Amino acid sequence: QLQLVESGGNLVQPGGSLRLSCDYRGFRLDYWIIGWFRQAPGKEREFVAAITPFNFKTYYGDFVAGRVTISRNDGSRDNAKNTLYLQMTSLKPEDTAVYFCAARPSQSAIEIRAEATYNLWGQGTQVTVSS
């Protein structure tokens, strides 16, 4: 069964950092693209970041400004983990949203920022940035 499970959301103060995790199950990452999207209350879902594991290219939303990193590396040597990470720093109140992990079976980066091109989604994890 194909599945994505996010975790790591929390309440954090402005300027703080947070690392979200996306556990993927039931497929090999080599043939899929993984992305992160977020949706704030009353707003449309927007693209945050994506990675093409077959060549390790990364893509980011315009608002990111160097504050976000998507990766497979958690700093350990255990590359067998079926997990991708979204490291966020210098968090702002406007970063408050539900963050979703998404995937699509493709080796092409065309329309990589388009929500509609992803056909597998996790349930989301809440990130709240507030003092």
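## Strand pairing

Arg 19 has Gln 87 in β8 as its bridge partner. That contact belongs to a set of 6 bridges joining β3 to β8, and the two strands run antiparallel. Strands here are DSSP runs of E, at least two residues long, numbered from the N terminus. Two strands pair if DSSP finds at least two bridges between them.

The model is predicted: local features need pLDDT of at least 70, side-chain atom pairs count only at pLDDT 80 or more, and totals for chains, interfaces and linings use all residues. Residues are numbered from 1 along each chain as its sequence is written, and side-chain values use heavy atoms, with hydrogens and water left out.

## The open sheet

The sheet is open and has 4 strands, in the order β1-β3-β8-β7, with antiparallel pairing. β1 (3-7) and β7 (68-71) stand at the edges with a single partner strand each, so one side of each has no neighbour in the sheet. Neighbouring strands are turned by 15° against each other on average, direction ignored. The axes behind that angle are lines fitted to C-alpha atoms, and angles run from 0 to 180 degrees between N-to-C directions.

At one edge, β1 joins β3 (residues 18-25) through 5 bridges, again antiparallel. Val 5 is partnered there by Asp 23 in β3. At the other edge, β7 pairs with β8 (residues 83-88) over 4 bridges in the antiparallel sense. Ser 71 stands opposite Tyr 85 in β8.

## The cavity

A cavity is a set of points on a 1 Å grid over the protein atoms alone where a 1.4 Å probe fits but cannot get out. Grid points are joined across faces, edges and corners, and a volume is the space filled by probe spheres set on the points. The count is 1 cavity of 30 Å³ or more. The largest has a volume of about 30 Å³.

Lining residues have an atom within 4 Å of a point. They are Arg 38, Phe 63, Val 64, Arg 67, Val 68, Met 88, Leu 91, Asp 95 and Tyr 99. The lining divides into 6 nonpolar, no polar and 3 charged residues. Asp, Glu, Lys and Arg count as charged.

## Thr 96

Thr 96 lies in the loop between β8 and β9 (97-104). The Thr 96 side chain reaches the backbone nitrogen of Val 129 at 2.9 Å. Leaving out residues up to four places away in sequence, Thr 96 touches Ala 40, Gln 126, Val 127, Thr 128 and Val 129. Contact means heavy atoms within 4.5 Å.

Technical notes: On a 1 Å grid over the protein atoms alone, a cavity is a set of points where a 1.4 Å probe fits but cannot get out, and a pocket is an open set with protein on both sides within 12 Å along at least five of seven lines; lining residues have an atom within 4 Å of a point. A polar contact is a pair of N or O atoms within 3.5 Å; within protein, one must be able to donate a hydrogen and the other to accept it, and residues adjacent in sequence count only if both atoms are side-chain atoms.
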